[in-house]
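These are my notebook entries on a single structure, written down in the order in which I looked things up.

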Amino acid sequence: MSLTDNRTLDRYPTRTLAPAPHRRRVDPTVWGTIESDGLDTFDTDGFAIMDHLLHRAEVTDFATEVTRLTGDPELMLDERLVIEKGSRRVRSIFAVHEFSSMVADLVRESRIAGLARQILGSEVYLHQSRINYMPGLWGAGFSWHSDFETWHAEDGMPAPRAVSVSIALTENFPFNGSLMLMPGSHRTFVPCQGETPANHYRESLRSQEVGVPRGADIVELAAQCGITQFTGKPGSALVFDSNIMHGSSNNITPFPRSNIFLVFNSVENALVEPFAADEPRPDYIANRDFTPLV
């Protein structure tokens, strides 16, 4: 399918000129029926932690695959690979399922995509895949943000009917840049200010400044929701709503942190024109093949 020409009603306006009030989410968090015990906190908190999504041997195999990819000299020239802003180290590899048959097979497994189908209540397609690699000593964090704000503004995702699965390949300690989340913040949409620059993705994938909330927004939301952190052993996974407020600090420890990051979108929530950008981001960041995963 191709990019839809008609723009749907914008129920989540963002990238405004002046600060705008927070909006109560008008869409469900869970669209289907939760069957997995590990997802019982998803509706309330906006995320769930699966302790053993990958087995130990699988973690070893995928860690080896990540080492292969990050060390591939030809891949260093590919635009799908993102380099840390403050160093020449790999930060992310997008559309990683196109480079790795192992990841491509994993995406389609019922224990992975099946989680998204339960939450989203429909068939799903892969909106985005990537490897996130936060090296020790030099790993830069991510500012507080809602993924849906970016996907809505720059990719044309109509509603927060998408779910992310972040699978740890290394241990997530409290001190090596592991993800912080605000439980329950997925029910509040925080509009951001500022016009989206042309080709914004080239800079935002390394350090985002447009599409992030104001400090006052973070203070207000943290007071309402609090902050928790995803920690866990290799093979554990964080399943989280597209609109939850999250971020991470720099990793100044010698312990690197890497994960497989998969985003599933409902086929009933296919992308349209961007709501706050002149043109959509490349397909390797926001997939526009809406074919259901089977």
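**Entry 1, strand S4.** I began with strand S4 (residues 90-94) in this predicted model, and found that 5 of its 5 residues are buried, so the strand is largely enclosed by the rest of the structure. I then looked for its partners: strand S3 (residues 81-83) pairs with S4 in the antiparallel sense over 3 bridges, and within that pairing I noted Ile-93 of S4 as the bridge partner of Leu-81. Strand S5 (residues 124-134) also pairs with S4, again antiparallel and over 3 bridges, and here I recorded Ser-92 standing opposite Asn-132 of S5. As a reminder to myself when reading such strands, side chains in a regular strand alternate between the two faces of the sheet.

**Entry 2, an open sheet.** Next I traced an open sheet of 4 strands, whose order is S6-S12-S8-S10 and whose pairing is antiparallel. Its edge strands are S6 and strand S10 (228-229), each of which pairs on one side only. Where S6 meets strand S12 (residues 246-248), I found 2 bridges joining the antiparallel pair, and Phe-142 has Ser-248 in S12 as its bridge partner.

**Entry 3, helix H7.** Which residues of helix H7 (residues 215-225) are buried? I listed Asp-217, Ile-218 and Leu-221; they cover an arc of only 95° around the axis, which puts them on the same side of H7. The face turned away from that buried side carries the exposed residues Gly-215, Val-219 and Ala-223. I then asked what the buried side of H7 packs against, and the partners turned out to be strand S6 (142-145), which I had already met as an edge of the open sheet, and strand S9 (188-189). After the helix comes Gly-226, for which I noted a positive phi, near 75°.

**Entry 4, nonpolar cores.** I turned to the largest nonpolar core, which has 38 residues, and wrote down the members that touch the most others: Leu-53, Val-163, Ile-167, Val-239, Ile-260, Leu-262 and Phe-264. Helix H4 (residues 110-120) contributes the largest share of this core, 6 residues. To see the surroundings of one member, I left aside the neighbours of Val-163 within four places in sequence and listed its remaining contacts, which are Phe-42, Ala-116, Ile-119, Leu-120, Val-239, Phe-240, Leu-262, Val-263 and Phe-264. There is also a second, separate core of 20 residues, and Tyr-125, Phe-240, Phe-261 and Phe-290 are among its members. Phe-240 therefore drew a note of its own, as a contact of Val-163 that is included in the second core. The general background I keep in mind is that nonpolar side chains in soluble globular proteins tend to be buried together.

**Entry 5, salt bridges.** How many salt bridges does the count come to? I recorded 16, and looked at several individually. Glu-65 and Arg-68 meet through their side chains at 3.0 Å, N to O; being 3 residues apart in helix H2 (residues 56-70), they are separated by about one helical turn. Glu-65 is buried, with a relative accessible area of 12%, whereas Arg-68, at 41%, counts as partly exposed. Asp-78 and Arg-80 form another salt bridge, at 2.8 Å, N to O.

The salt bridge between Arg-161 and Glu-268, at 2.9 Å, N to O, links distant parts of the chain: Arg-161 lies in the loop between helix H5 (147-155) and strand S7 (162-168), while Glu-268 lies in the segment after strand S13 (257-266), 107 residues apart. I checked whether each partner is buried or exposed, and found Arg-161 buried at 8% relative accessibility but Glu-268 exposed at 56%. I closed this entry with Arg-15, Glu-149 and Glu-154, which are linked in a network of salt bridges.

**Entry 6, cysteines.** Last, I searched the whole structure for disulfides and found 0. For Cys-192, the closest cysteine sulfur is that of Cys-225, 15 Å away, which is too far for a bond. Cys-192 is itself buried, with a relative accessible area of 2%.

Terms used
Residues are numbered from 1 along each chain as its sequence is written. This is a predicted model: local features need pLDDT of at least 70, side-chain atom pairs count only at pLDDT 80 or more; totals for chains, interfaces and linings use all residues. Side-chain values use heavy atoms; hydrogens and water are left out. Buried means under 20% relative accessible area, exposed over 50%, partly exposed in between (1.4 Å probe, protein chains only). The arc is that of the directions from the helix axis to the C-beta atoms. Contact means heavy atoms within 4.5 Å. Two strands pair if DSSP finds at least two bridges between them. A salt bridge is a side-chain nitrogen of Lys or Arg within 4 Å of a carboxyl oxygen of Asp or Glu. A nonpolar core is a set of buried Ala, Val, Leu, Ile, Met, Phe, Trp, Tyr and Cys residues joined through side-chain atoms within 4.5 Å. A disulfide is a pair of cysteine sulfur atoms within 2.5 Å.
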